[in-house]
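Open the model in your viewer and keep the sequence panel visible. The stops below say what to select and what is there.

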Amino acid sequence: MKGNVFKNVWRGIGSHNASYGSYYTNVKIYNNTFTDIDTYAIMAVNMKKVSIKNNRISNAGAGIDFKYYNPGRIKKSKYVKGSRNSKAYLTISGNKISIVKKKMGGNRKFAIRIYGAYQGRKSYGMPKANYCVKNVSIYKNKIKSKYSGILLTDTKNSKITRNTINLRPSRKKRYSSSCITLNAGSKKNRISRNKCYYSNRYGVETTVPKKSNKVYKNRIKKCRKGKTGFSK
């Protein structure tokens, strides 16, 4: 998918339908323009060997959402037995993203999200398993947002580097979010050389033990609670 223009639509590229354990592969999303998108500009569910590069996303509800798991959403899920593989080989780079729309609720107002999850019991046809995401590279993206920057949940063995994230808040209301957030299950990631500005919380925030990830050489300024922080 290259060189397309998406304007004034509910969603840009993607689907929330998937047969878990079977993947869309060798997906390339390059040099597209997304303007005035109510929800997600790019929704990438159950993809592998994916490159999302040099896209322009402006005035969207959310930017790029990559996930291997969609909890409680799919009542008739199909699962391809024995073929689950957490290695995404995903690259997200060179994108310019602006998130200002208000239609997305809760924690879905993000520029980039990588989402995996542990399912403790069989549900909706999906077996008990850890649907984590591994081998992701997010670099050289420029993000301006009133809301969240980069969110990682159950993401492992990945690199987030040389991104510029500016969360200059709305004058009317400050949204409580950090520039980069590492949530449950995220470990063995390297967070380095990012520029993080104007968060109402931290430059880099983690809800997992600090030693689980390497966070170093980030340039963090004007984040209200500090450069890095741990929260439960």
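Start with the whole protein chain: of its 232 residues, 51% count as buried, where buried means under 20% relative accessible area, exposed over 50%, and partly exposed in between (1.4 Å probe, protein chains only). The model is predicted, so local features need pLDDT of at least 70 and side-chain atom pairs count only at pLDDT 80 or more, while totals for chains, interfaces and linings use all residues. Residues are numbered from 1 along each chain as its sequence is written, and side-chain values use heavy atoms, with hydrogens and water left out.

Now colour by secondary structure. The chain has 0 helices and 26 strands; helices (H or I, at least four residues) and strands (E, at least two) are DSSP runs, numbered from the N terminus.

Next, select strand 15, residues 142-145. Its covered face holds Ile-143 and Ser-145, and its uncovered face holds Lys-142 and Lys-144.

Add strand 10, residues 96-99, which runs parallel to strand 15 and is joined to it by 4 bridges. Two strands pair if DSSP finds at least two bridges between them. Ser-98 stands opposite Lys-144.

Then add strand 19, residues 164-166, which pairs with strand 15 in the parallel sense over 3 bridges. Here Lys-142 stands opposite Thr-164.

Finally, look at two loops. Most residues other than glycine have a negative phi. Lys-217, between strand 24 and strand 25, has a positive phi near 55 degrees. Is Lys-217 buried or exposed? Lys-217 is exposed, at 61% relative accessible area. Lys-222, in the loop between strand 25 and strand 26, has a positive phi of about 55 degrees and is exposed, at 62%.
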